[in-house]
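This report walks through one protein chain, going from its overall make-up to single residues. Please keep the sequence and the structure at hand while reading.

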Amino acid sequence: MQKNIEDDLDRLFRRLVVNIRDEYPQYLTSPFPVAEVYQSVVPYRTNRNELGIEMHEDYELALTRLLAGERGYVVGDAAMQQALSGSTKISYRNYAASVIEISAEAVTRLDEIMRRSGRPITPTVSAVASPRAAAPPTIIASGPCAFCGGALPDGRRITFCPYCGQNVTVKLCPACSAELEVDWSFCPVCGREVETQAADLVESDTES
């Protein structure tokens with residue numbers, strides 16, 4: 001009997017397609033970096049409710065399965081997909097600069113499933129889930145990148161590391177690896193207290 005119940009991977013792909021159609025339509029027909037998925041298109045913090053994924057670890061597992069090419073949802077570098085499908089110890093963040101493509105056949109199948117279920121193919125995206133609703137935050141660069149150790153351009157306002165492409169306006173919880181704002185004192189997922197950077201390092205471009 002065919003399995004009709006959606007799991008985390010199915011919901012992640014559906015949300016990916018929804019958000020791409022709403023904000024990044026070029027990604028339906030052209031390759032884009034892996035980092036864009038978890039930093040801009042479907043970040044866990046702003047899509048948690050729509051994804052129906054309660055734990056950040058489950059989100060990371062679903063994202064790893066997606067990038068590994070499970071169910072043919074995306075096409076990517078063969079070495080990356082083999083590595084991610086063969087081990088749970090390898091982080092998808094190691095492949096932030098690798099590029100993937102959305103499978104046109106998978107999108108067609110998703111649209112057909114949505115039609116049969118009577119649900120809209122592209123539901124309205126809430127304001128909180130729209131990553132480009134506001135200008136991205138920046139930090140005043142200082143010291144090495146927390147992700148790759150590369151020397152950041154001292155004194156410049158940046159959002160992404162020029163070496164690894166990671167979003168340096170967030171940090172990872174040391175306990176559960178949830179993405180945190182740089183000035184947060186506690187993780188909202190597990191409650192772990194974390195070290196903070198000075199709040200005045202974080203700026204917003206909304207006034208410029």
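## Terms and overall make-up

Helices here are DSSP runs of H or I with at least four residues, strands are runs of E with at least two, and both are numbered from the N terminus. The structure itself is a predicted model, and on that footing the protein has six helices and eight strands. Followed along the sequence, these elements come in the pattern α-β-α-α-α-β-α-β-α-β-β-β-β-β.

Of the 208 residues of the protein, 40% count as buried, and the accessible surface comes to about 11200 Å², with 51% of that surface belonging to carbon and sulfur atoms. Among the contacts between residues at least 6 apart in sequence, 50% join residues at least 24 apart.

## Helix α1

Helix α1 takes in residues 8-23 and has 16 residues, reaching 22 Å from its first C-alpha to its last, close to the 22 Å expected at 1.5 Å a residue. At its N-terminal end the helix is capped by Asp7, a side-chain oxygen of which lies 3.1 Å from the backbone nitrogen of Leu9.

The helix is mostly covered, with 12 of its 16 residues buried. Among these buried residues are the nonpolar-core members named further below, but also Asp10, Arg11, Arg14, Arg15 and Asn19. The buried residues of α1 pack against β1 (32-33), α2, α3 (44-51), α4, β3 and α6 (104-117).

## The nonpolar cores

In soluble globular proteins, nonpolar side chains tend to be buried together. The largest nonpolar core of this protein has 38 residues, and those with the most contacts inside it are Phe13, Leu16, Tyr59, Leu63 and Leu66. At least two residues of this core are supplied by each of α1, α2, α3, α4, α5, β3 and α6, and α1 gives the most, with six residues. Apart from this core lies another one, of nine residues, which include Ala141, Leu152, Ile158 and Val182.

Within the largest core, Leu16 can serve as an example: leaving out residues up to four places away in sequence, Leu16 touches Val37, Val41, Val42, Leu66 and Ile102. In the other core, Ile158 has its place in strand β5 (residues 157-158) and is buried, with a relative accessible area of 10%. With residues up to four places away again not counted, Ile158 touches Thr138, Ile139, Ala141, Leu152, Pro153, Val168 and Thr169. Thr138 is 20 residues from Ile158 along the chain, yet their C-alpha atoms are separated by 5.2 Å.

## Helix α5 and its two faces

Which residues of helix α5 are buried? In this helix, which covers residues 78-86, they are Met80, Gln81, Ala83 and Leu84. These four cover an arc of only 165° around the axis, and therefore they sit on the same side of α5. The face turned away from that buried side carries the exposed residues Ala78, Gln82, Ser85 and Gly86.

What covers the buried residues of α5 includes α2 (34-41), α4 (56-67), β2 (74-76) and β3 (99-102). The N-terminal end of this helix is capped by Asp77, with a side-chain oxygen 3.2 Å from the backbone nitrogen of Ala79.

## Three single residues

Glu36 is found in helix α2, and at 14% relative accessibility Glu36 counts as buried, because the cut-off for that term is under 20%. A polar contact of 2.8 Å joins the side chain of Glu36 to that of Tyr27. Neighbours within four places in sequence left aside, Glu36 is in contact with Tyr24, Tyr27 and Val41. Asp111, for its part, has its place in helix α6 and is likewise buried, with a relative accessible area of 10%. The C-alpha atoms of Asp111 and Val17, which are 94 residues apart along the chain, are separated by 9.9 Å.

Most residues other than glycine have a negative phi. Arg71, however, has a phi near 65°, a positive value in a residue other than glycine. Arg71 lies in the loop between α4 and β2, where this residue is partly exposed, with a relative accessible area of 35%.

Terms used: Residues are numbered from 1 along each chain as its sequence is written. This is a predicted model: local features need pLDDT of at least 70, side-chain atom pairs count only at pLDDT 80 or more; totals for chains, interfaces and linings use all residues. Side-chain values use heavy atoms; hydrogens and water are left out. Buried means under 20% relative accessible area, exposed over 50%, partly exposed in between (1.4 Å probe, protein chains only). The arc is that of the directions from the helix axis to the C-beta atoms. Contact means heavy atoms within 4.5 Å. A polar contact is a pair of N or O atoms within 3.5 Å; within protein, one must be able to donate a hydrogen and the other to accept it, and residues adjacent in sequence count only if both atoms are side-chain atoms. Accessible areas come from the Shrake-Rupley method with a 1.4 Å probe; for residues, only the protein chains shown count as cover. The expected span of a helix is 1.5 Å times one less than its number of residues. A nonpolar core is a set of buried Ala, Val, Leu, Ile, Met, Phe, Trp, Tyr and Cys residues joined through side-chain atoms within 4.5 Å.
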